[in-house]
Amino acid sequence: MWSTSALTIPPGGLVEVPLVVAEPSICQYVLASDTQIGFQLGLLTRPTEPAISEYVSDIQGCFEVPTAGVLQAALNNTASLVRTAKVACTVSLKPSAQLKRLEQHRQQVALQAAVHIAERELRDHSNKQAERLATEAALRAEEEALRERLEMATREVVRGERRAILLREEVTSLKAQALAARTRSSSDIADGDTSVQNGELSDELDADVEGTILNEEDDAAITRLCSLGFPPAAATEAYLSCRKDEHRAANFLIDRCSASG
């Protein structure tokens with residue numbers, strides 16, 4: 001490498017600097033002058049074919065020196081007759097093989113960086129995929145739980161409908177039994193009066209029983225009456241007859257049991 005920071009070239013002067021090139025190289029140059037001067041770079045074996053031949057005050061660049069030899073830098077101030085040129089110039093040579101190795105190293109570093117980036121992106125993708133699979137599994141479990149709850153609710157509705165059918169049948173049976181019992185208790189009334197009374201009793205029972213809807217509290221009350229030792233049919237009849245008053249129904253059953261006993 002040749003470098004100068006304060007070279008003075010008198011008017012009409014010429015400075016030549018030979019540089020030995022040991023192997024094919026890349027030549028880099030930088031020139032700055034306070035006035036325009038002639039600047040040439042070329043192999044001595046090719047004097048008529050300089051790589052650089054410019055008349056400038058400021059220039060920089062590079063070119064390839066394909067073979068070993070002597071590279072000559074020439075700076076001339078022959079165009080000026082009165083003015084001295086002050087020049088700063090640097091010419092450096094870097095072996096092409098070394099530059100190639102450096103370029104290969106840079107490419108390898110860039111490739112490794114690209115590989116690291118790809119691996120990181122792959123890990124991120126794998127993590128996101130795992131999160132997505134976990135979310136899907138949780139949603140499937142929740143869906144299965146909801147399906148089971150729906151099936152349980154459906155079975156409960158079916159049981160409720162069946163229980164309602166049984167209660168309606170039982171109410172119909174109790175209505176018939178109550179009508180028959182009231183008819184027997186009114187057998188001493190005259191035939192015309194008996195027909196009228198039985199019709200009134202039937203209408204009254206229909207209005208009471210058909211307008212009655214048993215719920216869970218009613219079922220519990222009837223169960224408690226049965227726990228006193230009364231049959232379900234009698235307990236239901238008494239409970240409905242007493243307009244769902246559990247205490248009145250219990251007293252009614254006890255009184256009727258005492259009277260019959």
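Hi everyone. Let me start with a pair of helices: α3 and α4 cross each other in a right-handed way. Before I go on, please keep in mind that this is a predicted model.

So who is touching whom at that crossing? On the α3 side, the contact is made by D218, A221, I222, L225 and C226. On the α4 side, P232, A235, T236 and Y239 take part. Sorted by class, the contact comprises seven nonpolar residues, one polar residue and one charged residue.

If you want to find these helices on the screen, α3 covers residues 216-227 and α4 covers residues 232-241. Two packed helices are described by the angle between their axes and the distance between the axes. Here the angle is about 125 degrees, and the axes of α3 and α4 lie 9 Å apart. That angle makes α3 oblique to α4.

Let's stay with α4 for a moment. How many of the residues of α4 are buried? Seven of its 10 residues are, so this helix is mostly covered. The buried ones are A234, A235, T236, E237, A238, Y239 and L240. You may recognise A235, T236 and Y239 from the contact with α3.

Now let's walk off the end of α4. The helix is followed by R243, which has a positive phi, near 55 degrees. R243 is not a glycine, and yet its phi is positive. It sits in the loop between α4 and α5, and α5 spans residues 246-260. Is R243 buried or exposed? It counts as exposed, because its relative accessibility is 61%.

K244 belongs to that loop between α4 and α5 too. Its phi is also positive, at about 65 degrees, and K244 is not a glycine either. As for cover, K244 is partly exposed, with a relative accessible area of 32%.

Let me zoom out now. The protein has five helices and six strands. In what order do the elements run from the N terminus on? The order is β-β-β-β-β-β-α-α-α-α-α, with the strands leading and the helices following.

There are a few overall values to go with that. Of the 261 residues in the protein, 26% are buried. The protein exposes about 17600 Å², and carbon and sulfur atoms supply 54% of that area. Then there is the question of how far along the chain contacts reach. Taking contacts between residues at least 6 apart in sequence, 72% join residues that are at least 24 apart.

Two residues in the strands help to picture this. One is P95, in strand β6, which runs over residues 85-95. P95 and E23 are 72 residues apart in sequence, but their C-alpha atoms are 6.4 Å apart in space. Setting aside neighbours within four places in sequence, P95 is in contact with E23, P24 and S25.

The other is T35, which you will find in strand β3, residues 25-43. T35 is buried, with a relative accessible area of 17%. Which residues does T35 touch, not counting those up to four places away in sequence? They are V56, S57, R83 and A85.

To wrap up, here are the places I would like you to take away. There is the right-handed crossing of α3 and α4, and there is the loop after α4 with R243 and K244. In the strands, there is P95 in β6 and T35 in β3. Thanks for listening!

Technical notes. Residues are numbered from 1 along each chain as its sequence is written. This is a predicted model: local features need pLDDT of at least 70, side-chain atom pairs count only at pLDDT 80 or more; totals for chains, interfaces and linings use all residues. Side-chain values use heavy atoms; hydrogens and water are left out. Axes are lines fitted to C-alpha atoms, for helices over the stretch in contact, and angles run from 0 to 180 degrees between N-to-C directions. Helices (H or I, at least four residues) and strands (E, at least two) are DSSP runs, numbered from the N terminus. Angles under 35 degrees count as roughly parallel, over 145 as roughly antiparallel, 65 to 115 as roughly perpendicular and the rest as oblique. A crossing is left-handed if the near helix is turned anticlockwise from the far one by less than a right angle, and right-handed if clockwise. Contact means heavy atoms within 4.5 Å. Ala, Val, Leu, Ile, Met, Phe, Trp, Tyr, Cys and Pro count as nonpolar, Asp, Glu, Lys and Arg as charged, and the others, Gly among them, as polar. Buried means under 20% relative accessible area, exposed over 50%, partly exposed in between (1.4 Å probe, protein chains only). Accessible areas come from the Shrake-Rupley method with a 1.4 Å probe; for residues, only the protein chains shown count as cover.
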